[in-house]
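Visitor: Please choose a single part of this model and take me through it closely, giving the cut-off behind each term as you come to it.

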Amino acid sequence: MENFDFQASTNILFGKGQVSRLPEVLATYGKKVLITYGGGSIKKNGVYDDVMNVLGKDFELYELSGVEPNPRLTTVEKGVALCREHNIDVILSLGGGSTIDCSKTIAAGTFYEGNPWDLMGNGQLVEKALPIVTILTLAATGSEMNGGAVITNMATKEKLSFGSRLVVPKVSILDPTYTFSVPSYQTLAGSSDILSHLFENYFNQTPNTMVQDGIAEGLMRAVYHYTPIALENPHDYDARANLMWASSLALNGLTGSGKKGAWSCHAIEHELSAYYDITHGIGLAIVTPRWMMHVLNEETAPRFAAFGHRLFDLPLNSESPMETAKQAIQKVYETSKAWGVPMTLGEVGIDDSLLEEMATQAVKHSAISTDGYVPLSVEDVVSIYKQSLTEMTF
């Protein structure tokens, strides 16, 4: 296990009706509040009204709506301008990871003299940030409990990230009932995102991390168990609660601290959503089993076999792990397909015209060529993209 510096400082208010505590939470930071949200679903599902009702007239409220599913630099710039113009004290982010990521970049960009895009990949530039409070409406990214953010620059076709403890949300309200109205497509995309975060840390270069791996395995099993329940009955409180909490724990540092490596599938997918603006979790679900098959070899087979045994109860033959490893990857693929995930790039409108360009960018903007679980070249990434164009056969 590698040395690490772990901190999970977000105050989580979990459960029904926790929005009632919002006034006391916000008052800690000030009266001028920038509310950020996406396309308006919070006005349909009642979250917006709940917030306005509990806040009353005690706060000076400003709004930034229309945050994109892959939040854009242009929206960040609008938010920074609002914060500076109105001397905002605190940002209240209503929504999922996209809105929260946008809010984090606004929080840091407000005090940064240059273009917020400078922060991408350079979190040390963040010296000060506005406090952030979140009300989560989608279990997916875990952004409600970490200091990372991903932003898309449409002008350059780049999707990059930064991280800083200064933008970790101060308080996150997690009410599972606020996810009851999430459509099936977004539910399965969110679960795919959670699983990918766990996979990326699990298939890693650092051995002997039983604590982190055990936590990850438990969270994976919970996601695999509760996702079909939530898809069948969107109002199942326990299913939504477990998915919501799994989302937060999957990416708050518990499963990744003490490990060395690069997130290969995220690097590969970020180019897909940067160029084609597809749903991040769907792109990850498509890419992941192809990546698994691509890096499967005699050296990695025992790890994939153990994964299949622990997650899917597959029989484990330590002397011949390759067959179990392949069965595990098949399970990953077929489970996503059974949920209703479109499992080829063609189904989400992507053809083979830009594969080389995207692969080059994926390697350029990440450390997957040196620090991946199995290091990947541009040619490797092109091969994974090509495999993602057609259905998998086993």
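Guide: A residue is called buried here when its relative accessible area is under 20%, exposed when the value is over 50%, and partly exposed in between, the area being computed with a 1.4 Å probe on protein chains only. The helices and strands named below are DSSP runs, numbered from the N terminus, with at least four residues of type H or I for a helix and at least two of type E for a strand. The model is a predicted one, in which local features need pLDDT of at least 70 and side-chain atom pairs count only at pLDDT 80 or more, while totals for chains, interfaces and linings use all residues. Residues are numbered from 1 along each chain as its sequence is written, and side-chain values rest on heavy atoms, with hydrogens and water left out.

The part I would choose is strand β5, and its residues are a good place to start. β5 is mostly covered, since five of its five residues are buried. I132, T134 and L136 point one way from the strand, whereas V133 and I135 point the other way, and both groups are buried. Within β5, V133 has a relative accessibility of 0% and therefore counts as buried. If contact is taken to mean heavy atoms within 4.5 Å, and residues up to four places away in sequence are not counted, V133 touches L22, V25, L26, Y29, V90, I91, L92, S93 and V171. A further separation can be given for this residue: the C-alpha atoms of V133 and T10 are 9.3 Å apart, although their positions lie 123 residues apart along the chain.

From the strand we can move out to the sheet that holds it. Two strands are said to pair if DSSP finds at least two bridges between them. On that basis, six strands form an open sheet with parallel pairing, in the order β1-β8-β5-β4-β2-β3. At the edges stand β1 (11-14) and β3 (60-64), each of which has a single partner strand, so that one side of each is left without a neighbour in the sheet. Direction ignored, neighbouring strands of this sheet are turned by 20° against each other on average, the axes being lines fitted to C-alpha atoms, for helices over the stretch in contact, with angles in general running from 0 to 180 degrees between N-to-C directions.

Two of the pairings can be followed down to single residues. β4 and β5 run parallel and are joined by five bridges, and among the residues involved is G95, whose bridge partner in β5 is L136. Towards one edge, β1 runs parallel to strand β8 (residues 171-174) and is joined to β8 by four bridges; here the bridge partner of L13 is I173 in β8.

Two helices come into the picture of the sheet as well. Helix α3 (residues 47-55) lies across β2 (32-36), β3, β4 (90-95) and β5 (132-136), and its direction is at about 160° to that of β3. Helix α5 (residues 97-109) also packs on the sheet, where it touches β2, β3, β4 and β5, and its direction makes about 165° with that of β4.

One residue with a number inside the α5 range deserves a remark, namely C102, which counts as buried because its relative accessibility is 1%. A disulfide is here a pair of cysteine sulfur atoms within 2.5 Å, and by this rule the model has zero disulfides. C102 accordingly takes part in none, and the nearest cysteine sulfur, which belongs to C83, is 9.9 Å away.

The approach to β4, the bridged partner of β5, is the last detail. N87 sits in the loop between α4 (73-86) and β4, and at 52% relative accessibility N87 counts as exposed. Although not a glycine, N87 has a positive phi of about 50°. Most residues other than glycine have a negative phi. A second case, away from this strand, is D277 in the loop between α9 (264-276) and α10, which is not a glycine either and has a positive phi of about 60°; at 32% relative accessibility, D277 counts as partly exposed.
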